[in-house]
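Please open the model in your viewer, colour it by secondary structure, and keep a selection panel at hand. The stops below are meant to be followed in order.

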Amino acid sequence: MRQQPRHAERRLAHLTAAARRAGIKLTHQRLEIFRELAATEEHPAAETLFRAVQQRVPTVSLDTVYRTLWTLHEFGLVTTLGPRGGVRFDANLEPHHHYVCVRCGLVRDFESEDLDHLRVPSAVKQLGSFVDSQVAVRGVCAQCLRASPRQAPPPPPPKKRSSR
Ligand SMILES: [Zn+2]
Ligand SMILES: [Zn+2]
């Protein structure tokens with residue numbers, strides 16, 4: 001799913017300029033990877049991005065996509081989310097939060113000033129320093145709800161009252 005072209009262009013311009021400043025060589029393949037990353041809202045895994053870039057650049061390798069993404073990450077030009085094994089990449093560097101579908105894994109950005117200024121509990125200070133906070137709201141996305149609104153309902157509670 002493509003985002004508003006204007007957003008994508010702005011992100012691509014930012015990514016390209018920042019990469020140039022960081023001394024990252026802008027090969028044709030890398031530019032195509034940037035283009036794909038800047039245009040998507042999907043927070044893609046490297047494999048997903050690879051398949052998309054491959055449509056236009058058949059010679060690109062998964063390894064090149066991986067190395068490009070982690071290079072960008074090293075320079076703070078993309079962020080990651082998800083577990084190490086299934087890591088996904090995010091080219092949106094504006095403060096934002098995520099909506100995550102618990103059924104299909106869809107991830108979408110949303111903005112909230114309230115959440116940007118979340119008061120961090122003092123317990124965090126014991127764990128380390130604080131840079132920013134990002135909230136993940138989990139649920140079942142509209143598309144999954146349409147596909148099967150009542151999939152796997154929780155088992156009915158026992159008739160007898162529990163002792164708790
Ligand atoms: Zn879903
Ligand atoms: Zn995001």
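What follows is a walk through a predicted model, from the whole chain to its helix contacts, its core and one loop residue.

**The whole chain**

Begin with the protein chain displayed as a cartoon, in which the secondary structure comes to seven helices and five strands. If you trace the elements from the N terminus on, they run α-α-α-α-β-β-β-β-α-α-β-α. The protein chain has 164 residues, of which 16% count as buried. Among the contacts between residues at least 6 apart in sequence, 49% join residues at least 24 apart.

**First pair: α1 and α2**

Select residues 5-21, which form helix α1, together with residues 28-39, which form helix α2. The two helices pack at an angle of about 140°, with their axes 8 Å apart, and that angle makes α1 oblique to α2. The crossing of α1 and α2 is right-handed. Now show side chains at the contact, where Ala8, Arg11, Leu12, Leu15 and Thr16 in α1 meet Phe34, Arg35, Ala38 and Ala39 in α2. Sorted by character, the residues of this contact of α1 with α2 are six nonpolar, one polar and two charged.

**Second pair: α2 and α3**

Keep α2 in view and add helix α3, residues 46-56; the axes of α2 and α3 come within 10 Å and cross at roughly 120°. These two helices are therefore oblique to each other, and α2 passes α3 in a right-handed crossing. On the α2 side the contact is made by Glu32, Ile33, Glu36 and Leu37, and on the α3 side by Leu49, Ala52, Val53 and Arg56. Here the residues of the contact divide into five nonpolar, no polar and three charged.

**Third pair: α3 and α4**

Next, hide α2 and add helix α4, which spans residues 62-74. The axes of α3 and α4 come within 9 Å and cross at roughly 120°, an angle that makes α3 oblique to α4. Again the crossing to look for is right-handed, as α3 passes α4. Ala46, Glu47, Leu49, Phe50 and Val53 in α3 meet Leu62, Val65, Tyr66 and Leu69 in α4. The residues of this contact of α3 with α4 comprise eight nonpolar, no polar and one charged.

**The nonpolar core**

Bring all the helices back and turn to the core. Which residues of the largest nonpolar core touch the most other members? Of its 18 residues, they are Leu37, Val65 and Val78. The elements that give two or more residues to this core are α1, α2, α3 and α4, and the largest share, five residues, comes from α2. Centre the view on valine 78, which, leaving aside residues up to four places away in sequence, touches Leu37, Leu69, Leu72, His73, Phe89, Asp90 and Ala91.

**A last stop at phenylalanine 75**

Finally, select phenylalanine 75, which lies in the loop between α4 and β1, the strand of residues 79-81. Is this residue buried, partly exposed or exposed? Phenylalanine 75 counts as partly exposed because it has 13 C-beta neighbours inside 10 Å, whereas a buried residue would need 20 or more. Add isoleucine 24 to the selection and draw a distance between the two C-alpha atoms: phenylalanine 75 and isoleucine 24 are 51 residues apart along the chain, and their C-alpha atoms are separated by 9.4 Å.

Notes
Residues are numbered from 1 along each chain as its sequence is written. Chains are lettered from A and ligands numbered from 1 in the order in which they are written. This is a predicted model: local features need pLDDT of at least 70, side-chain atom pairs count only at pLDDT 80 or more; totals for chains, interfaces and linings use all residues. Axes are lines fitted to C-alpha atoms, for helices over the stretch in contact, and angles run from 0 to 180 degrees between N-to-C directions. Helices (H or I, at least four residues) and strands (E, at least two) are DSSP runs, numbered from the N terminus. Angles under 35 degrees count as roughly parallel, over 145 as roughly antiparallel, 65 to 115 as roughly perpendicular and the rest as oblique. A crossing is left-handed if the near helix is turned anticlockwise from the far one by less than a right angle, and right-handed if clockwise. Two residues are in contact if their C-beta atoms, placed from the backbone, lie within 7 Å. Ala, Val, Leu, Ile, Met, Phe, Trp, Tyr, Cys and Pro count as nonpolar, Asp, Glu, Lys and Arg as charged, and the others, Gly among them, as polar. A residue is buried if 20 or more other C-beta atoms lie within 10 Å of its own, exposed if 12 or fewer, and partly exposed in between; C-beta atoms are placed from the backbone. A nonpolar core is a set of buried Ala, Val, Leu, Ile, Met, Phe, Trp, Tyr and Cys residues joined through C-beta atoms within 7 Å.
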